[in-house]
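Reader: I should like to understand this model through a series of short questions. Please show me the sequence and the structure before we begin.

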Amino acid sequence: MSKTKPDFGFDPHIDHGPPSDVEQIKDTTNYLRGTLVEQLENPVTSGIPDWDNRLMKFHGSYLQDDRDLRLERQKQKLEPAYQFMVRVRAPGGVATAEQWLQMDAIANKYANGTLKLTTRQAFQMHGILKWNMKKSIKSINDSLLDTLAACGDVNRNVMCNPNPYQSEVHQEVYDIASELSSYLSPRTKAYHEIWLDGEKVVDSGKTEESAEEQEPMYGKLYLPRKFKIGIAVPPSNDIDVYSQDLGFIAILKDDQLEGFNVTVGGGMGMTHGDTATYPQLGREIGFIKPEQIVDVAEKIITIQRDFGNRSVRKNARFKYTIDARSLDWLKYELSERLGYELEEVKAYTFDDNGDRYGWVKGINGKWNFTFFIQNGRVKDEEDYPMMTGLREIAKVHEGDFRLTANQNLIIANVPEDQKEKIEALITLYGLTNGEQYTALKRNSMACVAFPTCGLAMAESERYLPELLEKIEVILDENGLRDEEITIRMSGCPNGCSRPALGEIAFIGKAPGKYNMYLGGGFAGQRLNKLYRENIGEKEILAELDPLIKDYAKNRYEAEHLGDFVIRSGYVKETTDGTNFHDL
């Protein structure tokens, strides 16, 4: 654009220092190839070297080990019980019934017999041995899903609102999410060569210039860190749009999609004890038409590619790139690359960020049934054959399966004449729409943590249900059993369960110890604040007991807990991520 460049008072090309070792890995591994082929065929160990494990993220997988067995195996002088986690992209969280059956089959044949529905609307499988990795990923691709870019320093799975009560709008938003996911995927052929026996098209004999054509957007070094995009459709903020590096908020006019407000710079991760790291909410920078969304997304990603911190990875997310320079700088840089400026943001309202359970009729006349799946873990238990029941539904279902951002599942687009058949199977297998669970459980979320996550400092998925039952006793005593309260737990400060947005949240500090946070916005519009540090279950319950009694007695009508604790002085309001650590 032909305009005078403003003086922002800083050099936007901030010198962060020498590149990190991960940047060196990306620079020397021939577009994500490394020595993965050789290491996967190495029969001496069930693991792979750390260098290749970091590279594996781009292919949608992490090497992990069973931490429950770690000490015993050390005593026996055995290597750790290595296994791989594989993450499967499902743009917008949508899969066909046939794809659900194939994910079920892969999980039972190669993984640990369970499926994890993630907070990014993806499938996750744990416990896959190295010898089964190629067969697993090939089977996933045979289902027309993939693991490419499910992890790594690229754009991740593009999220969108499942929106069962606005099916026509959802279809339009889902189509956009799918287009974004495809367009923003890495172009390297390494994935197809390694996992799908594709023809090798780039080798060391090629020039850098010809190889560069494979990554016209990302370039040889890809992004400084992971990048997340989500599309929300008001009044539901179930994807937590403000937590995304790049968010799009659908603006409807007369029930038609008019365009999107754009938010930038969200992100949940931080490091304990390092105030230079913090969660941050996305901030709105303007409005765009639907046909502009791919262009805007690409240009914003290239800004992060060019200016993000490639020296210190914990400060490499897009939120830090913006905060180091200013929102005005970003707007200017974006308009220069686009050749036009964004329009003014348009009005909208978010009411909540939860799911609507049970049967809901969409405006297209078809039915949708939302299951409550605690912490997203699909498995069979002795008295609750969830995995088997969902498998039988998938065999007869004519619509699709939608993974929600709250780790739940929607049997979507059920025709009127098929509803009775689906309902009969729900009843036969005793599947639940969440009615028998308290409102607290239905609004809870936890990451995997132990035993498989190598970053976990404390339990999360395995412990939160137990803690909730004890908190529910306090709620019952105060007549609040049906009160909607968002509660989230994470085994570490990376924030996979988006704990910084919970009205009550726990972030693992050490085995059995958590930092406790209060004051998040019920609709995901405000970060919470540290309330108590490094406390265990006894202290957690002791802190919550008088607080909940106070809330029951002194809250305003329809006042959410997150608003109450700020008004009552339990914590100060976090107005921006940069003051998240200010107490």
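**Helix α12 and its surroundings**

Author: Helix α12 is followed by G339, whose phi is positive, near 85°. Helices (H or I, at least four residues) and strands (E, at least two) are DSSP runs, numbered from the N terminus. This is a predicted model, in which local features need pLDDT of at least 70 and side-chain atom pairs count only at pLDDT 80 or more, while totals for chains, interfaces and linings use all residues. Residues are numbered from 1 along each chain as its sequence is written, and side-chain values use heavy atoms, with hydrogens and water left out.

Reader: How far apart are the end C-alpha atoms of helix α12?

Author: Helix α12 covers residues 327-338, which is 12 residues. The expected span of a helix is 1.5 Å times one less than its number of residues, so α12 should span 16 Å. The model agrees with this, as the end C-alpha atoms of α12 are apart by 16 Å.

Reader: Against which elements do the buried residues of α12 pack?

Author: Buried means under 20% relative accessible area, exposed over 50%, and partly exposed in between (1.4 Å probe, protein chains only). In α12, the buried residues are W329, L330, Y332, E333, L334, S335 and L338. Contact means heavy atoms within 4.5 Å. The buried residues of α12 pack against β9 (256-264), β10 (283-288), α10 and α11.

Reader: Which residue offers its backbone oxygen to the side chain of S61?

Author: S61 lies in strand β1 (residues 61-65) and counts as buried because its relative accessibility is 0%. Leaving aside neighbours within four places in sequence, S61 is in contact with M56, F84, M85, V86, M133 and C151. A polar contact is a pair of N or O atoms within 3.5 Å; within protein, one must be able to donate a hydrogen and the other to accept it, and residues adjacent in sequence count only if both atoms are side-chain atoms. A polar atom of the S61 side chain lies 2.8 Å from the backbone oxygen of M85.

Reader: How many residues apart are D146 and R89?

Author: A salt bridge is a side-chain nitrogen of Lys or Arg within 4 Å of a carboxyl oxygen of Asp or Glu, and the side chains of D146 and R89 meet in one (2.9 Å, N to O). D146 is in the loop between α6 (133-142) and β6 (159-160), and R89 is in the loop between β2 (82-88) and β3 (94-96). R89 counts as buried because its relative accessibility is 7%. The pair links distant parts of the chain, and its separation is 57 residues.

Reader: Is D245, the partner of R317, buried or exposed?

Author: The side chains of D245 and R317 meet in a salt bridge (2.7 Å, N to O). This pair links distant parts of the chain, 72 residues apart. R317 counts as buried at 6% relative accessibility. With a relative accessible area of 0%, D245 is buried.

Reader: What is the relative accessible area of K361?

Author: The side chains of K361 and E416 meet in a salt bridge (3.9 Å, N to O). K361 is in strand β11 (residues 358-361), and E416 is in the loop between β17 (409-414) and α14 (419-428). K361 is partly exposed because its relative accessible area is 44%.

Reader: How many salt bridges does the count come to by this rule?

Author: Some salt bridges join into a network, which links E23, K26, D153, R310 and R313. By the rule given above, the count of salt bridges comes to 44.
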